[in-house]
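I opened a notebook for this structure today. The entries below follow the order in which I looked things up.

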Amino acid sequence: MKRISIKEYEFELLISEDKIRERVIELANQIDQDYANKRPILMLTLKGAIIFAADLMREITIPTQIETIIAKSYGYKMTTEGNVELIENPIDLEGKDIIIIEDIVDTGYTMSSLLNRLKEFKPSSIEICTLLFKPKNLVVPIKVKYVGFEIDPLFVVGYGLDYAELGRNYKDIYIRVDKN
Ligand code: IMP
């Protein structure tokens, strides 16, 4: 089993590069169909979604606009709705179809803040596309239309996801395991 270590923790392979690739193509095909006559805005959340988004957008064949937003949640596992900071670019979203591209939805606080903020711009629609989803941890009721993989509520790194800003560069996704 492939393993990596980052700082004090060990991680083992959870989802291989090949499996991610297959699933990314399926998601892109789905988006192509659902937005066949539209010009959606892919709203990437930085930094976590950069690798997923870069792969996904190149598999999508309809014309899309790419925009970014920074969503910072302070203190993983201690997130409350109040401490998600959003840093946005001034863009016209009125009447637009937005697809938020996210790396992971955990408690849902980050996504809920993001949704509330984006709704203020009066887009015509907003959907969520997340690579990973931890349904058992979801606290805020949000509807996630496109999910790459549902996973157990454990900590993962790789393919854009970090532990203390490290590990985003790995091609596979790894899950934290106890050292032994
Ligand atoms: P939420 O607000 O609890 O849904 O958390 C969302 C954010 O927490 C994500 O955008 C990630 O930045 C971070 N996060 C949640 N779970 C993990 C994980 O397993 N690994 C790395 N980051 C995570």
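**Entry 1: the hairpin at the start**

How many bridges join S1 to strand S2, and which way do the two strands run? I worked from a predicted model. I counted 4 bridges between S1 and S2 (residues 9-15), and the two strands run antiparallel. I then took one bridge by itself: Ile6 has Tyr9 of S2 as its partner. The hairpin made by S1 and S2 has 2 residues between its strands, and Lys7 in this hairpin takes a positive phi near 50°.

I looked next at where the side chains of S1 (residues 3-6) point. Ile4 and Ile6 point to one face and are buried. Arg3 and Ser5 point to the other face and are not buried. I noted the general rule beside this: side chains in a regular strand alternate between the two faces of the sheet.

**Entry 2: the sheet around the hairpin**

In what order do the strands of the open sheet that holds S1 and S2 lie? I read the order as S1-S2-S10-S9, which makes 4 strands with antiparallel pairing. S1 and strand S9 (156-157) are the edge strands, each pairing on one side only.

**Entry 3: the whole chain**

I stepped back to the overall make-up. I found 3 helices and 10 strands in the protein. Along the sequence they follow the pattern β-β-α-β-α-β-β-β-α-β-β-β-β. The radius of gyration is 16 Å, close to the 16 Å that the globule rule gives for 180 residues, so the protein is as compact as a globular protein of that length. I also boxed the C-alpha atoms along the principal axes and got roughly 55 × 35 × 25 Å.

Of the 180 residues, 47% count as buried. Among contacts with a separation of 6 or more, 68% come from residues 24 or more positions apart.

**Entry 4: helix H3**

Why do I call helix H3 largely enclosed by the rest of the structure? I checked its residues, 109-119, and 8 of the 11 are buried, so the rest of the structure largely encloses this helix. The buried ones are Tyr109, Thr110, Met111, Ser112, Ser113, Leu114, Leu115 and Leu118.

After H3, I followed the chain into the loop between H3 and strand S7 (125-133), where Lys122 sits. Lys122 is not a glycine, yet it has a positive phi of about 55°. With a relative accessible area of 56%, Lys122 is exposed.

**Entry 5: the second largest pocket**

Which residues lie closest to the centre of the second largest pocket? I first noted its volume, about 210 Å³. Of the 13 residues that line this pocket, Glu17, Ile20, Arg21, Asp55 and Tyr159 are the closest to the centre. By class, I sorted the lining into 5 nonpolar, 1 polar and 7 charged residues.

I then asked which elements supply the lining. Helix H1 (17-34) and helix H2 (50-59) each supply at least two residues. H1 gives the most, with 5 residues.

Tyr159, one of the residues closest to the pocket centre, got a separate check. Tyr159 is placed in the loop between S9 and strand S10 (173-177). Is Tyr159 buried or exposed? At 6% relative accessibility, Tyr159 counts as buried. Its phi is near 50°, a positive value in a residue other than glycine.

**Entry 6: a cis bond**

I looked up the peptide bond from Leu46 to Lys47 and found it cis, with omega near 0°. Lys47 lies in the loop between strand S3 (41-46) and H2. I recalled that H2 also supplies at least two residues to the lining of the second largest pocket.

**Entry 7: Ile87**

Which residues does Ile87 contact, leaving aside its neighbours within four places in sequence? I found Ile69, Ile70 and Lys72. Ile87 belongs to strand S5 (residues 84-88). At 35% relative accessibility, Ile87 counts as partly exposed, because that value falls between the 20% limit for buried and the 50% limit for exposed.

Last, I took the distance from Ile87 to Arg168. The two are 81 residues apart in sequence and 20 Å apart in space, C-alpha to C-alpha.

Terms used
Residues numbered from 1 in each chain as written. Predicted model: local features only at pLDDT ≥ 70, side-chain atom pairs only at ≥ 80, totals over all residues. Heavy atoms only, no water. 1 Å grid on protein atoms, 1.4 Å probe; cavity = no way out; pocket = protein on both sides within 12 Å on 5 of 7 lines; lining within 4 Å. Points joined across faces, edges and corners; volume = space filled by probe spheres on them. Nonpolar A, V, L, I, M, F, W, Y, C, P; charged D, E, K, R; others polar. Buried < 20%, exposed > 50% of the residue type's maximum accessible area, 1.4 Å probe, protein only. Pairing = 2+ DSSP bridges. Rg over C-alpha atoms; globule rule 2.2 N^0.38 Å. Contact = heavy atoms within 4.5 Å.
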